[in-house]
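Open the model in your viewer and keep the selection tool handy. We will go from stop to stop, and at each one you will hear what to select and what is there.

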Amino acid sequence: AELARQDLGRAIELDPRHADAFAQRAALHRERMDFADALSDLERAAAADPARAAGYKAEIQAIRTQMG
């Protein structure tokens, strides 16, 4: 998982508007219970891809609910 996170970080460096990379990295953060980074990446995904922002925002809400 760590290598995947690093690869996604490189993809984001190459294309800072790569919403899928942010969303995938957010999923990895969430699996590690690193909710702050997951939320940050999902917010950046929503900003990068307004057409899919509603889905990312729903995921953000799900994480906030999971956090309690």
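Before the first selection, one definition: a residue is called exposed when its relative accessible area is over 50%, buried when it is under 20%, and partly exposed in between. Please also remember that this is a predicted model.

**Stop 1: a residue on the outside**

Select Lys57, which you will find in helix H4. Is Lys57 buried or exposed? Its relative accessibility is 54%, so Lys57 counts as exposed. Now add Ala45 to the selection and look at the two C-alpha atoms: they are separated by 9.4 Å, while the residues are 12 apart along the chain.

**Stop 2: the whole chain**

Zoom out and switch to a cartoon view. How many helices and strands does the chain have? There are four helices and zero strands, so read from the N terminus, the order of elements is α-α-α-α. The radius of gyration is 11 Å, close to the 11 Å that the globule rule gives for 68 residues, so the chain is as compact as a globular protein of that length.

Turn the model around to see its extent. Along the principal axes, the C-alpha atoms fill a box of roughly 35 × 30 × 10 Å. If you show the surface, you are looking at about 4,200 Å² exposed by the chain, with 52% of it supplied by carbon and sulfur atoms. Of the 68 residues, 34% count as buried. Contacts also reach along the sequence: among those between residues at least 6 apart, 41% join residues at least 24 apart.

**Stop 3: the nonpolar core**

Next, select Ala19, Leu42, Ala45, Tyr56 and Ile63. These are the residues with the most contacts inside the largest nonpolar core, which has 18 residues. Which elements give two or more residues to this core? They are helix H1 (2–14), H2, helix H3 (35–48) and helix H4 (53–67). The largest share, seven residues, comes from H3.

Keep Tyr56 selected and show what surrounds it. Leaving out residues up to four places away in sequence, Tyr56 touches Ala19, Asp20, Ala23, Leu42, Ala45, Ala46 and Asp49.

**Stop 4: along helix H3**

Now select H3 by itself. How far apart are the end C-alpha atoms of H3? They are 20 Å apart, which agrees with the 20 Å that its 14 residues should span at 1.5 Å a residue.

Colour the buried residues of H3: Phe35, Ala38, Leu39, Asp41, Leu42, Ala45, Ala46 and Ala48. Then bring back the other helices, and you can see these buried residues of H3 packing against H2 and H4.

**Stop 5: a buried arginine**

Move to helix H2 (residues 19–31) and select Arg25. With a relative accessibility of 14%, Arg25 counts as buried. What is Arg25 in contact with, once neighbours within four places in sequence are left aside? The list is Arg5, Leu8, Gly9, Ile12, Asp41 and Arg44. You have already coloured one of these, Asp41, among the buried residues of H3.

**Stop 6: charged pairs**

Side chains of opposite charge can pair when their charged atoms come close. The structure holds eight salt bridges, and this stop visits some of them.

Start with Asp7 and Arg10, whose side chains meet in a salt bridge (2.5 Å, N to O). Both lie in helix H1, three residues apart, about one turn of the helix. Asp7 is partly exposed, with a relative accessible area of 44%, and Arg10 is partly exposed with 44%.

Now select Glu2, Arg5 and Arg32, which are joined into one network by salt bridges that share partners. Show the side chains of Arg5 and Glu2, and you will find a salt bridge at 2.4 Å, N to O. These two are three residues apart in helix H1, and so are separated by about one helical turn. Arg5, at 24% relative accessibility, counts as partly exposed, and Glu2, at 35%, counts as partly exposed too.

Follow Glu2 to its other partner here: the side chains of Glu2 and Arg32 meet in a salt bridge at 3.7 Å, N to O. Because Glu2 lies in helix H1 and Arg32 in the loop between H2 and H3, the pair ties together parts that are 30 residues apart in sequence.

Notes
Residues are numbered from 1 along each chain as its sequence is written. This is a predicted model: local features need pLDDT of at least 70, side-chain atom pairs count only at pLDDT 80 or more; totals for chains, interfaces and linings use all residues. Side-chain values use heavy atoms; hydrogens and water are left out. Buried means under 20% relative accessible area, exposed over 50%, partly exposed in between (1.4 Å probe, protein chains only). Contact means heavy atoms within 4.5 Å. A nonpolar core is a set of buried Ala, Val, Leu, Ile, Met, Phe, Trp, Tyr and Cys residues joined through side-chain atoms within 4.5 Å. The expected span of a helix is 1.5 Å times one less than its number of residues. The radius of gyration is taken over C-alpha atoms; the globule rule is 2.2 Å times the number of residues to the power 0.38. Accessible areas come from the Shrake-Rupley method with a 1.4 Å probe; for residues, only the protein chains shown count as cover. A salt bridge is a side-chain nitrogen of Lys or Arg within 4 Å of a carboxyl oxygen of Asp or Glu.
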